[in-house]
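Walk through this structure with the coordinates open. The route starts at one end of the chain, steps back to the whole, and then visits single sites.

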Amino acid sequence: MAEPLDAEMFDPMCPSSALPFQIGDKWTGMVLLCLEHGRRRFGEIRLPLRAITPKVLTQTLRAMERDGLLTRTAYAENPPRVEYELTALGRSLLTLVDAARAWSRQHLPELLEARAAHDAAWGRR
């Protein structure tokens, strides 16, 4: 039997509590990839993220800006133009996103098989 878990194992000041996105966060990693090759406008980012609503994309971009992962530049033009660009801090996350994508490519069949088996056992689709 394993040792009991320490109730204090997660220090409130632990750096992991400040992660800019949770494992499995649906959009932040994708937005990082959309901005990997340079600045983009809102509509350009939304195009490959067909399932995201404008509200959720706005929330994601604001959270990323707050965390210092991207910059938002508004131009005083008519019509107004806003561009988003990764900061050096945001770029540093691309390595992690690439690692997660490589893991997914390697293990996706196993993951899907496990999900299907679980759902079948619990009568879900």
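**From the last helix inwards**

After α5 comes G123, whose phi is positive, near 70°. The model is predicted. Helix α5 spans residues 94-121. It does not run straight: α5 bends by about 65° at H107. A proline, P109, follows within four residues of H107.

L108 also sits in α5. Its relative accessible area is 40%, so L108 is partly exposed. L108 belongs to a nonpolar surface patch with W103, L111 and L112. Together these residues offer about 370 Å² of accessible area.

Now take the whole protein. It has five helices and three strands. Along the sequence they follow the pattern α-β-α-α-β-β-α-α. Of its 125 residues, 22% count as buried. The exposed area is about 9,800 Å², and carbon and sulfur atoms supply 57% of that area. Take the contacts between residues at least 6 apart in sequence: 47% of them join residues at least 24 apart.

Turn to the interior. L61 lies in helix α3. Its relative accessible area is 1%, under the 20% cut-off, so L61 counts as buried. Which residues touch L61, once its neighbours within four places in sequence are left aside? They are V31, F42, I45, L70 and Y84. T71 is ten residues from L61 in sequence, and the C-alpha atoms of the pair are 9.2 Å apart.

T87 leads back to that stretch of the chain. T87 is found in the loop between β3 (81-86) and α4 (88-92). Is T87 buried or exposed? With a relative accessible area of 19%, T87 is buried. The cut-off is 20%, so the 19% of T87 falls under it. The side chain of T87 reaches the backbone oxygen of G68 at 2.5 Å. Leaving aside neighbours within four places in sequence, T87 is in contact with G68, L69, L70 and T71. L70 is thus a contact of T87 and also a contact of L61.

P48 gives another loop site. This proline is found between α2 (42-46) and α3 (54-66). P48 is partly exposed, with a relative accessible area of 47%. P48 and M30 are 18 residues apart in sequence, yet 9.1 Å apart in space, C-alpha to C-alpha.

Finally, follow the charges. The structure holds five salt bridges. One of them pairs the side chains of E83 and R39, at 3.7 Å from N to O. E83 lies in strand β3 and R39 in the loop between α1 (28-34) and β1 (40-41), so this pair ties together parts that are 44 residues apart in sequence. The two partners differ in cover. E83 counts as buried at 13% relative accessibility, whereas R39 counts as partly exposed at 45%.

E83 has a further partner. The side chains of R81 and E83 meet in a salt bridge at 2.9 Å, N to O. Through shared partners, salt bridges join R39, E77, R81, E83 and E85 into one network.

Another salt bridge pairs R40 with E44, at 3.6 Å from N to O. Here R40 counts as partly exposed at 30% relative accessibility. E44 counts as partly exposed at 40%.

Conventions. Residues are numbered from 1 along each chain as its sequence is written. This is a predicted model: local features need pLDDT of at least 70, side-chain atom pairs count only at pLDDT 80 or more; totals for chains, interfaces and linings use all residues. Side-chain values use heavy atoms; hydrogens and water are left out. Helices (H or I, at least four residues) and strands (E, at least two) are DSSP runs, numbered from the N terminus. Buried means under 20% relative accessible area, exposed over 50%, partly exposed in between (1.4 Å probe, protein chains only). A polar contact is a pair of N or O atoms within 3.5 Å; within protein, one must be able to donate a hydrogen and the other to accept it, and residues adjacent in sequence count only if both atoms are side-chain atoms. Contact means heavy atoms within 4.5 Å. Patches are made of residues with over 30% relative accessible area and no salt bridge: like charges are joined within 9 Å, nonpolar side chains (Val, Leu, Ile, Met, Phe, Trp, Tyr) within 5 Å. Accessible areas come from the Shrake-Rupley method with a 1.4 Å probe; for residues, only the protein chains shown count as cover. A salt bridge is a side-chain nitrogen of Lys or Arg within 4 Å of a carboxyl oxygen of Asp or Glu. The bend at a residue is the angle between axes fitted to the seven residues ending there and the seven starting there.
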